[in-house]
Amino acid sequence: MLDATPILRLVTRARVARMQALDPAAAQEALLLRLLRRARNTTFGREHGFATVRGVGEFQARVPLRRYEDFWRDWWQPAFPALRDVTWPGLVPWFALSSGTTSGATKYIPVTSGQVAANQGAALDTLAWHLHAHPRSRPFAGLSFMLGGSTALQELAPGVRGGDLSGIAAHEVPRFLRSRAWPPEELALMPDWDAKLAALAERTPREQVRVLTGTPSWLLVLLHHMARGGAPPLPNLELLVHGGVAWPPYRERITPFLPKGCATREVYPASEGFVAIADRGEGDGMRLVLDRGCFFEFVPVAERDTPGPTRHWAATIETGVDYAVVVSSNAGLFAYVLGDVVRFVERTPPRLLVTGRTAWTLSAFGEHVTGEEVARALDAAAAETGVPIGEWCCGPEFVGELGRHRLVIEADADDPPRLARAFDAALAVANEDYAAHRKGGQMLAPEVVLVPAGRFEAWMRARGKAGGQHKVPRVIADPARFAEAVAGLASAGD
């Protein structure tokens, strides 16, 4: 296979220089105005006066924040599946089917040709930052392996198809890259996740794979399937691109499968648009993608349910504040609340950490505990007890008139109460409301239930959510839905 990396180096060197020269506020405002000009004659654009908007402030005054449910009810569902000139000009050709980890309901997210091109550009940016840090790397000397769900797309209407975002991306791989993309169509189309894993483990030309991309939880499963003896299953792998779930819990378990010198790089893609890419090392945050089809706003989490929340953007963000992400994009989303929570570690350029989901809040008993606090308390408990933690899920449970938090954890330990005590103590230090509820007797001590390794994978498979972009729900705030999850995890071992 001809190594196209020299050409890639030339292209990406110029792209890195451009990204480094961008003024964040100027780039984002110019992008927003382009989006508004394109959409000014849509039904949405006319109703919100896009034709006369001249800046970010005017846009924010005219377009209120909306969640998916608002867009679906008021704009998309009446014309679905043939959305033509509704929130974006022309016919929307694709819908990404996204099953929310907290709500469980399937969402149909519009995807346009412009957004596909923007996502491809962001993928190129990921390689650009990698080559900037590793100039001797040769990612185009072999195959790029994207581990996603089935690429089969369902026809929803003439000219309109729906499926996994990874499937849409696979169908739209640029012609000049198709010879370097893996897996081939006959494998990518396989709907049965277990059969697909077995086929990938058997048929992947291991020595040729240079780049591997996917969600850490499912990459780990794949690498386990591919492991043979002590040798790395992909001996010439140079770059592992990961995103979708937190990397730290998987780093130590995935690293032994990687060859020496293999780089890792985090990305923050969503069905609604590409948000950020790690341009430096781990822990330095991900750089906001400023010019790939998405204008971003950031609402302080503490204000998200107030009548008039403050809407920050690249010009006004602050470090150390938890923000809900809001996106306006070339897929016809405007002031759309994405559902993720981020915290900026740097303003110029904007670099962020993903700290959770807006729905990842436990407050069934008035304790106001965030998903990030749960995760950190669990990490602290694992460190104190020496128990390595695998997959996990947490939610509220009523015991008589009182309640408690219950954690279902993949771990090999013989003293769950000790782990629960360490978690309880760490969470009390992190959250004063929780500490007050525990001290005042309004909440019982948390309970830890241990399950064997592989139980969450079996549960996800039983729910039809194996592989691809599906993620284990970390925090389920609704007691009824959490009880269903606990029951499903128990039966998944049968």
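**Group meeting: a walk through the predicted model**

Let's start at a glycine: right after helix α15 comes Gly-464, and its phi is positive, near 75°. Before I go on, a word on the source: this is a predicted model, so local features need pLDDT of at least 70 and side-chain atom pairs count only at pLDDT 80 or more, while totals for chains, interfaces and linings use all residues. Residues are numbered from 1 along each chain as its sequence is written, and side-chain values use heavy atoms, with hydrogens and water left out. When I say helix or strand, I'm talking about DSSP runs numbered from the N terminus: H or I over at least four residues for helices, E over at least two for strands.

Okay, back to α15, residues 455-462. Which of its residues are buried? Arg-455, Phe-456, Trp-459 and Met-460, where buried means under 20% relative accessible area, taken with a 1.4 Å probe on protein chains only. They sit on the same side of α15, because they cover an arc of only 135° around the axis; that arc is the one made by the directions from the helix axis to the C-beta atoms. That fits the textbook picture: an α-helix has 3.6 residues a turn, so residues three or four places apart point the same way. And what covers them? The list includes α10 (216-226), β18 (392-399), β19 (402-410), β20 (447-451) and α16 (479-491), with contact meaning heavy atoms within 4.5 Å.

Now the sheet. It's open, 11 strands, mixed pairing, and the order runs β6-β3-β7-β8-β9-β10-β11-β15-β14-β13-β12. Two strands pair here if DSSP finds at least two bridges between them. At the edges you've got β6 (181-182) and β12 (294-300), each pairing on one side only. Helix α2, residues 24-39, packs on this sheet and touches β12, β13 (322-329) and β14 (333-346). Its direction makes about 115° with that of β12; axes are lines fitted to C-alpha atoms, for helices over the stretch in contact, and angles run from 0 to 180 degrees between N-to-C directions. Further along the order, β3 (143-146) and β7 (209-214) pair in the parallel sense over 4 bridges, and Met-146 stands opposite Thr-213 in β7.

On to salt bridges, meaning a side-chain nitrogen of Lys or Arg within 4 Å of a carboxyl oxygen of Asp or Glu. How many are there? The count comes to 24. Have a look at Arg-15 in particular. Its side chain meets that of Asp-125 at 2.8 Å, N to O. Asp-125 is in helix α6 (113-133) and Arg-15 in helix α1 (5-21), so this pair ties together parts 110 residues apart in sequence. Arg-15 also forms a salt bridge with Asp-291, again with closest N and O atoms 2.8 Å apart. Asp-291 is in the loop between β11 (286-288) and β12, 276 residues from Arg-15. Asp-125 and Arg-15 are both buried, and so is Asp-291.

Another buried pair is Arg-474 and Glu-391, with closest N and O atoms 2.9 Å apart. Arg-474 is in the loop between α15 and α16, Glu-391 in the loop between α12 (371-385) and β18, 83 residues apart. There's also a network: bridges with shared partners join Asp-279, Arg-280, Asp-284, Arg-287, Glu-346 and Arg-351.

Last, cysteines. With a disulfide taken as two cysteine sulfur atoms within 2.5 Å, the count is 0. For Cys-394 the nearest cysteine sulfur, that of Cys-393, is 7.3 Å away. Cys-394 is buried at 0% relative accessible area, and Cys-294 counts as buried at 2%.

Note on methods. Buried means under 20% relative accessible area, exposed over 50%, partly exposed in between (1.4 Å probe, protein chains only).
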